[in-house]
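Got the viewer open? Here is a short walk through the model, one selection at a time.

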Amino acid sequence: MRILALVVLAFLASGCRQAEPTRAGGKPIDQWVLALNDPDPKARKTAATKLGNVGPTDPAAFPALHAALNDREAVVRCEVILALLKFGPQAKDALPALAELRRHDPDAKVRDYASKALAKLE
């Protein structure tokens with residue numbers, strides 16, 4: 001009887017703790033979202049990669065990446081486009097921004113990435 005009571009208590013206690021936050025690259029998603037605003041473009045590029053790897057499993061990833069399509073560095077914008085592709089059909093809300101990048105981005109590589117992303121998502 002004691003063993004049964006201990007098992008029940010252990011089971012109930014295990015359900016009482018908070019759920020672990022979604023992680024990518026060993027860090028919580030909110031840290032990667034914040035890193036998209038880091039002064040270092042390399043850090044922003046890494047953050048875009050990590051958030052893309054999370055994909056649609058975390059609700060904070062898409063809005064952060066969508067906003068990062070306006071990053072001042074072309075290399076970061078390219079990485080953000082690649083990350084958004086990993087969202088598949090859930091990236092449809094980014095189509096207008098991608099179309100804008102395809103038409104008006106000053107960097108040819110970003111325009112090319114946006115064009116290819118649009119072809120895959122449309």
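Before you select anything, one cut-off: a residue counts as buried when its relative accessible area is under 20%. Also keep in mind that this is a predicted model.

**Whole chain**

Start with the cartoon view of everything. The protein chain has seven helices and two strands, and along the sequence they run α-β-β-α-α-α-α-α-α. Colour by burial and 36% of the 122 residues come up as buried. If you draw contacts between residues at least 6 apart in sequence, 57% of them join residues at least 24 apart.

**Stop 1: helix α3**

Select residues 41–54, which is helix α3. Put a distance between the end C-alpha atoms: it reads 20 Å, in agreement with the 20 Å that 14 residues should span at 1.5 Å a residue.

Now show side chains for R44, A47, A48, L51, G52 and V54, the buried residues of α3. Where do they sit around the axis? They are on the same side of α3, because they cover an arc of only 150 degrees. To see what lies over them, bring in β1 (23–24), α2 (29–35), α4 and α5, which are among the elements covering these buried residues.

**Stop 2: helix α5**

Next, select residues 74–85 for helix α5. Its twelve residues should span 16 Å at 1.5 Å a residue, and the end C-alpha atoms are 17 Å apart, so the two agree.

How much of α5 is covered? Mostly covered is the verdict, with nine of its twelve residues buried. Highlight A74, V76, R77, C78, E79, V80, I81, A83 and L84 to see the buried set; note that R77 and E79 are in it. The cover over the buried residues of α5 includes α3, α4, α6 (95–104) and α7 (108–121).

**Stop 3: zoom in on A83**

Stay in α5 and centre on A83. Its relative accessible area is 1%, so A83 is buried. Which residues does A83 touch, once you set aside its neighbours within four places in sequence? They are A48, G52 and L65. A48 and G52 are also on the buried list of α3. Draw a line from A83 to A48: the two are 35 residues apart in sequence, yet 6.2 Å apart in space, C-alpha to C-alpha.

**Stop 4: α4 against α5**

Add residues 61–68, helix α4. The axes of α4 and α5 come within 9 Å and cross at roughly 145 degrees, and the crossing is left-handed. On the α4 side, show F62, L65, H66 and A68; on the α5 side, show R77, V80, A83 and L84. Sorted by class, this contact has six nonpolar residues, one polar and one charged.

**Stop 5: α6 against α7**

For the last selection, move along to α6 and α7. Their axes come within 8 Å and cross at roughly 140 degrees, again with a left-handed crossing. Pick L95, L98, A99, L101 and R102 in α6, then V110, R111, A114, S115, A117, L118 and L121 in α7, and you have the residues that meet here. By class, the contact of α6 with α7 divides into nine nonpolar, one polar and two charged residues.

Before you leave, turn α5 back on: α6 and α7 are both among the elements that cover its buried residues.

Methods
Residues are numbered from 1 along each chain as its sequence is written. This is a predicted model: local features need pLDDT of at least 70, side-chain atom pairs count only at pLDDT 80 or more; totals for chains, interfaces and linings use all residues. Side-chain values use heavy atoms; hydrogens and water are left out. Axes are lines fitted to C-alpha atoms, for helices over the stretch in contact, and angles run from 0 to 180 degrees between N-to-C directions. Helices (H or I, at least four residues) and strands (E, at least two) are DSSP runs, numbered from the N terminus. A crossing is left-handed if the near helix is turned anticlockwise from the far one by less than a right angle, and right-handed if clockwise. Contact means heavy atoms within 4.5 Å. Ala, Val, Leu, Ile, Met, Phe, Trp, Tyr, Cys and Pro count as nonpolar, Asp, Glu, Lys and Arg as charged, and the others, Gly among them, as polar. The expected span of a helix is 1.5 Å times one less than its number of residues. Buried means under 20% relative accessible area, exposed over 50%, partly exposed in between (1.4 Å probe, protein chains only). The arc is that of the directions from the helix axis to the C-beta atoms.
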